[in-house]
Structures are given as structure tokens and as C-alpha cells.
Amino acid sequence: MTTPLEAAYDADAFRATAHALMDQLADYLKAALGGGTAMPVLPWVPPAVNQERFATPFPEVPSQEPSGLFAALMARVLEGSHHLHHPRYVGHQVTAPLPLAALCDAVSSLLNNGMAVYEMGPVATAMEHHVLAWMASTLGLPPSTRGVLTSGGSAGNLTALLAARQTKAGYDAWNGGAHAGPPLTVLVPRTAHYCLARAVRIMGWGEGGLTPVDVDAHFRVRPDALEGALEDATRKGRKVIAVVASAGSTATGAFDPLEPVADFAEAHGLWFHVDGAHGAAASLSPKYRAQVRGIERADSVVWDAHKGLLMPALVTAVLFRDGARSFDAFSQEASYLFHGDDARPYSDVGLRTLECTKEMMPLKVYACLSVLGTRVFEEAVTASYDQARGFAAKLSATPDFEVAVAPDCNIVCFRHTPAHVPEAGWDALQARLREALVTRGDFYLVQTRLPRGVYLRTTLIHPLTRDEDLDALLETLREAARG
């Protein structure tokens, strides 16, 4: 007699369940991509409601056949989740992933090959090497470049700054601690992602570990402000070890002028890091590659594949111009894992990344590049940047809308300014409009606060969002403002 545990691993039962799930997912994908009002982008309910909906005693034994229970549960999950494949999802910087990549995640989960050491993930380790080499080449980085894939831009930026610290601090901070030498700091644009401020605090540098650098009216770092920021940090007793630039900032999508920042870093012997989590993908587009001119001079670069490369979250590349520097972020001994550490083999990924049991991150990137080709990604980046410029132009030509700044990439910040609402009420109006659209499920967009006030923020990251969807967004905002 088959035990419940044996039944849970039965290949034939898995085959039947998987086939049914694929049909379910294909039907869902078709409905989501169809867009319009037939399916809400986000079936909004308050947190307490969903918590109650999914309350369960987790029975000791199932009351029905597991396959039927699973199908019913997946139906509830699909119905109640946020639908990023809906063309009217224009919210956060998380893409509508390629269906092929999602299948790779299923393979990765079933194989469960961790990647700390080569023998636990031999295929994934080889794939990661080639994926990173392709990304480095795309950015124009030299053949000496090596790196790792890690779990998101926050982990990626921390990894890069840990390497910068070990290389430029002038003392062994990894083994001696944060106070084994003078207090350190990095120069960072005021518009940089909050994860950089979090990273320096994690490293024990405190608030002063981040020295802000002023930005211009387009929210790009001012190269002429770098010298003053360096002098200010030095006066405060901080040793500056690095300068960070953004290629596609989170709030507005601004690209800092990388060439002059690289010149400054070189002149002062500083580590040059580029947070290209969102915008490094511009390097794929012949039309927009100039946005990242100078990135090839960086000592380290972060690039999120779950943004411009249409991958499921999370897959972030951390690339080091000098491949040997990739070992500097994490340096401790672990004899039960790593043997012959003096050789520091690149094949043991755990020597260079935050994770130990890392999933097969490169599989989905490698598979999609191999099977679909690189032009798919080039076209997706170019089309989204084109669409953002067209949308901004339309907004600028419309009397009742205002664009915060001309877009550098696929992020557009704007606000509705109808004549019947005084300027003093514009901030409250944007917040009210966003809440109305999101809770009704018509669209999903976010908001941000800029020096002139609150703006609606759209990221045109879904490759199948149409201009008609954006026209409908403006009409829906107008209707909500009148209501």
C-alpha cells in the first residue's frame, strides 16, 4: 500500500497535476494579456480580508484528493493576486515575466540545486558564468570582468560596497570590524535608491556612511558638486572610498552623467560603482545605449534581470571590472563547504555571494537568451523607452496634465491639474486619484514626492502595454477627478 509520503512523490500523479496547472496558467495568461476591464489589474481588498480568506487549520490529512485541492487553491491564488501581465499594470519596476522563464523556475524548484559550491549546482554554475560574461560584454566591460547573480538590487549594491570597502578602506574591515580604521563614507546622489543608505548602516558606518551629492533640475547628479561633497566628508573626519552613480534612478528614472563621475573617481582614487538595477538594460538598445556611456569604466555595476530582461524576480547581476575583487565582499573560511580556499575557485559561487543555498538563478536568463535570442530584449527596451517619450509628449501637450521631467528611460512622472482644482489641492488630488484607480482595479500606478509636490509615477515595463491603454489611463484619471 502506498503511503501518503510516497504518493506525494508519485511521478504519474505529478504529471497529471502539472498538465492541469499548465492549462490553468495558460488560460490565466490569455485573460490577463487581453487587458481591458474584463479583469482588474489588482483585485483590491484590505489586508485583513485576505488574511481571513486564506485562514486554514492545515489538516493532518487532506479531506479530498490532493490534485483537486491543489487546482482549487491555485484558482484562488490566480484570481486574487496582482496581475502584472495585465497591460494596464504601469506601477513598480517589476516586469511581466516571460512565460518561458516561469517554466524554468519550475525546473529550478524541482531540481533544487543550490549553488554555494560547484558540485551542488554544476549546470547552473556554468550557465551563470556565461550569462555574466554576456552582460559584461553588453555593457562594454573588459574580459577581466567577473561577478555573481544575487537576490535583488539591495543585496547587489551591498555586495558591491562590501568589495569597495575591502579594497579601498586601507584596513581589513571584514576581519577587523567597522572601527578597525577611520570612519568611511561613500558619495551618493540625493536621488539614489534607499538601499544604499541601508547598506552603509548594515556595514556599521551609521548615517554618515552616506554623503549625499546634489542633483540638477533633471534629478541627475551634478558632477561639479562632487568635489564639495568630498571636502565636506573629509572635514567631518570621514574617509571617502567610493562614489556611486545611478543609471535609471527609482523615483524618476534619471541617468547620472557617468563619464564625468568616472573622471572624478579616477582622479581621486575612488571606487566607482554604478547602480544600474533599472537602467543598465539601456545598453541593449542601439538607440538608447548612449544613456549609459561611461558605465564600462565602473569598478562595479548592478543590473536587475527582473526589470529590463523580463525575468521573474529576483535575479540581479553584480559585475566587477577586476574579477578578483569579487572575492573581497565575503572573505571568511567555511571548511565544510570550501576546500583548498587558497585557490579561490570561481566555480564555488558561495565564496562571492550573500546566499549559500542559492537557487538556479541563471537558468531562466540563460534559457531565454538561448531559445528566444537577444533581439527580443533589445526590442523590449527600445519600445518601452520610445513609449515613455511618446507618453510624456502627449502629457505635455495636454492642458490638464503636467510632466515632472522629460523621461530618460521608461519611467514617467506626471500629475493631473484640472482647472477646477486649485494648485494648493494638487498633491491631495494625485493621492486620491491613485487610490481610486488602484482600489477599483482599473490601473495600477504608484506615486512619488518630488520637490514640487506629489506626482503620479508610471513605469512602462510591460512589453505589451499599448498607447491605447495609456490614453485610457488619462481618461480614467479625468473621470475620477470629476467624481
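Let's start inside the sheet: Ala-242 has Trp-271 of strand β5 as its bridge partner. This is a predicted model, and that pair is a handy way into its strands.

**Around β4 and β2**

Strand β4 (residues 239–246) and strand β5 (residues 271–275) run parallel, paired over five bridges. Ala-242 of β4 is also the bridge partner of Val-186. That second link belongs to the parallel pairing of β2 with β4, made through four bridges. β2 pairs with strand β3 (residues 210–213) as well, again in the parallel sense and over four bridges; here Val-188 has Pro-212 of β3 as its bridge partner.

The strand pairings described here are set out below.

| Strands | Sense | Bridges |
|---|---|---|
| β4 and β5 | parallel | five bridges |
| β2 and β4 | parallel | four bridges |
| β2 and β3 | parallel | four bridges |

**How enclosed is β2?**

Six of the six residues of β2 (residues 184–189) are buried, so the strand is largely enclosed by the rest of the structure. Both of its faces are covered: Leu-184, Val-186 and Val-188 are buried on one side, and Thr-185, Leu-187 and Pro-189 on the other. Together with helix α9 (residues 194–202), β2 and β3 form a right-handed β-α-β unit.

**The whole sheet**

Seven strands make up an open sheet with mixed pairing, in the order β1-β7-β6-β5-β4-β2-β3. At its edges stand β1 (146–150) and β3, each with a single partner strand, so one side of each has no neighbour in the sheet. From one strand to the next, the twist averages 20°. Helix α6 (residues 122–139) lies across β1, β6 (300–304) and β7 (316–320), and runs at about 115° to β1.

Technical notes. Residues numbered from 1 in each chain as written. Predicted model: local features only at pLDDT ≥ 70, side-chain atom pairs only at ≥ 80, totals over all residues. Heavy atoms only, no water. Buried < 20%, exposed > 50% of the residue type's maximum accessible area, 1.4 Å probe, protein only. Helix = DSSP H or I, 4+ residues; strand = E, 2+ residues; numbered from the N terminus. Pairing = 2+ DSSP bridges. Right-handed = clockwise from strand over helix to strand, strands pointing away. Axes fitted to C-alpha atoms, helices over the stretch in contact; angles between N-to-C directions. Contact = heavy atoms within 4.5 Å.
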